[in-house]
Amino acid sequence: MAAHMMKHNNELSHLERADSTNSESPSEDGNFTDGVVALVQKEIGGDLKSLKKVSGLLEKLTLENKQLEEQVLTVSSSVPLRVSAALSAAEESRVKLESLLEKERLLSNTLQQHLQGSQVWADSIGQVLGQLDTLERHMKYLQCLARIEELSDSIQQYLMTNSVWDAVSAIDRMASLDMGLRESGCSHLQAFLRETLRFWHKILKDKLASDFEEVLTQFHWPFISPPTQTLSPPANAQELNSQLELLVSQLLSLQTSDDLISEKKETPSRPGQSQTPPLSLPIQIMLLPLSKRFRYHFTGNRQTNNLSKPEWYLTQVLIWMGNSSNFMDEKIQPILDRAGAKVNVELCRGLLTLAQEKLAHDAPRLLYDDALFCHLVDEVLQFEKELRSTHSYPRAYPGILHILLEETVLQKWLSVERKMAVEKVDAMLSAEGAWSSQYKDITDMDELKAPDCAETFMTLLLVITERYRSLPCPRAQLSFLALQKELVDDFRIRLTQVMKEESRQPLSPRYCAILNAANYISTVLSDWGDNVFFLQLQQAAVSVGEDILGPLGATETGRLASLEESLFEALLALLERLRGDMLGRLLDAVMRDVKEKAQPYCKDRWISLPSQNDQATMSLSSSACPMMLCLRDHLLQLQQMLCLPLFQMFWQGLAERLDSFIYEDLILYNHFNEGGVAQLQYDMTRNLFPLFGHYCKRPENFFKHVKEACIILTLKVGPALLLCDVLKQSEEDDGLLNHQQSSPEAALNELGVYKLAPSDVQILLNLRSAWLNQS
């Protein structure tokens, strides 16, 4: 066995030497040795009986070593074969590539020679094709000329044979040919065609217009004065109606060529003006005599052309609209409808064109005369109102208001409105009855008790609103809204200045009138904020208002867009501040007077008053009479001078201050016996509270401190001592919650005390002289 062990050790030594020979680093040698040692320990261990496994382990390792050597030999022999095969394939690919490149060079040279040989043929063919293209264009040019000559000859022939409809059709085809050549570069051909079209169109149009005017004359057109019903219809009325319809239809068929020759486009849009199509040809002819009359009277040196009398030409236009309405509705409009022409109120549109041209000419000449400019604006607004209401002119079509929206004219309008408004405000504030209400003797109409100056000012703003309400441009409307807000803020500043002058006498009628004025303006602005018109302006302000109303923050824009705020929110906040300040001054003045009258009452000897049992009947303390009379007089006076909402705010604020004053300066300042407590409770519940009972059902709810103090002070000795124990126990517990005992708040609530804190109640309990020695 020892020999066997020696053999095993020799073989292990041999393995270690072989491993050390093949290792690349000392670390790898150490790792291999450790692995061998671990393997021997695993297979044999420290048991000598396990040495018989050595031969089997040696055979197993020898077999594995042989297999590894065979794998290494196999791999090392196959790698050169693969590399050789790859090199062979690469060489073969290179040879093929060179062959292909050679073929490409040969083919390229052949193709280049072929192209050089065919260039001559290509050049000659290109010349021929160019000649063919030129010939084709010349042929088309000649065909267009022939077509123009053919149509021209046809029109001439139709006119000679009086075939008007055929002539109209030929002119329409010529107009279509003209529109087809618009993209062509043949300027001479276009000019020739346009001149030919204009020539034949004028001949046919003049012929039809002459016939149309003759027929209109037989219908007594134009109606300069109101048509009389006494005129009997002409004998050939049916024939005239037929001729009228025929001529109107033929003139409508010439509309395309007429627009083309005149190069009429839709009217360019002004601020607030929507685009409208050109007038139809029959209406243009019907307008000619009216247009002549209009220009005769309202241009040049005629006496009727007076800058100070814009109502003359505006009224004339409305008169002609009214005089012609029946004829247009009964005779012309049905023909237009049957012809499929999409027109309506055509004559009104034409007459408005005359008024627009005249107004656009006169308006800039009046910019330096405020009186004439104001008169012009008034007349234009009145004209627009009558046009939309009396003559039912569609709002989709522009009237004449857009002329006033030109930038220079609009700025002048705003300037004049501002100037006139400021002058009127100055006049109304300096008027004798500025601070009195014209409805003061009418109870039902004087709820807000607004002074004349405030009511006149808001009427002024309302008039401005009505003036710009019908403007077709939201930006212009927002400009007037900005002016109104500026005027309101200026009036608020004036109210503040007058208020400061009157602040020394806050109980004067004028001071109360100023307060009513601020409240009235705030109320009206709040109502305007919910008005549909101003809500629409609010939406417009979100999109375009920054240029006019100033920059709007993201929060303000969001609130305006969601209708959480109104356009007048900033003004309402300033007016609310003014109202609150004035109410505070008013309350301060009343409380100073009340406190002065209440001094004897507060210093009364409450601890030595006789018991209730010793008195036959209870009566108001004599020292309280001046205070009660003062309160009564002020309440009655201010009820007459303040509007109802303000008076409610006043008496509630007065009750709150009075409650604190009596509680702090009277109750907490004195000690009470049983008679004193009874007298205090009687004075409060039977005299003070009823003073405010005229304005609410439960006035004691506005005197919580006084009411609850009376409850505590009027407790009997037993309940008072129990309450003292509860409060003391609560202090000893130092805030720890004890579910077995009632909390002081619960005990107070059972007595009806909710406002006073336990500490305040403890102070009140110490004010009763009867309990001082027992508590």
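## Helix packing and salt bridges in an all-residue-numbered chain

Helix H12 packs its buried residues (under 20% relative accessible area with a 1.4 Å probe and protein chains only; exposed is over 50%, partly exposed in between) against helix H11 (370–389), helix H13 (452–469) and helix H14 (474–502), where contact means heavy atoms within 4.5 Å. The model is predicted, so that local features need pLDDT of at least 70 and side-chain atom pairs count only at pLDDT 80 or more, while totals for chains, interfaces and linings use all residues. Residues are numbered from 1 along each chain as its sequence is written, and side-chain values use heavy atoms, with hydrogens and water left out.

**Exercise 1.** Determine what span helix H12 should have, and which of its residues are buried.

*Solution.* Helices are DSSP runs of H or I with at least four residues, numbered from the N terminus. The expected span is 1.5 Å times one less than the number of residues, so the 23 residues of H12 (407–429) should cover 33 Å, and this agrees with the 33 Å between its end C-alpha atoms. The buried residues of H12 include Leu410, Trp413, Leu414 and Val425, and also the charged-type residues Lys412 and Glu417.

**Exercise 2.** Identify which residues touch the most other members of the largest nonpolar core, and which helix gives this core its largest share.

*Solution.* A nonpolar core is a set of buried Ala, Val, Leu, Ile, Met, Phe, Trp, Tyr and Cys residues joined through side-chain atoms within 4.5 Å. The largest one holds 200 residues, of which Phe650 and Ile667 touch the most other members. Helix H19 (residues 569–602) supplies the largest share of this core, 14 residues. Leaving aside residues up to four places away in sequence, Ile667 touches among others Phe672, Val706, Leu713 and Leu767.

**Exercise 3.** For the salt bridge of Arg467 and Asp378, find how far apart the N and O atoms are, and state whether Arg467 is buried or exposed.

*Solution.* A salt bridge requires a side-chain nitrogen of Lys or Arg within 4 Å of a carboxyl oxygen of Asp or Glu. The side chains of Arg467 and Asp378 satisfy this at 2.6 Å, N to O. The pair links distant parts of the chain, with Arg467 in helix H13 and Asp378 in helix H11, 89 residues apart. Arg467 counts as buried because its relative accessibility is 18%, whereas Asp378, at 36%, is partly exposed.

Technical notes
Helices (H or I, at least four residues) and strands (E, at least two) are DSSP runs, numbered from the N terminus.
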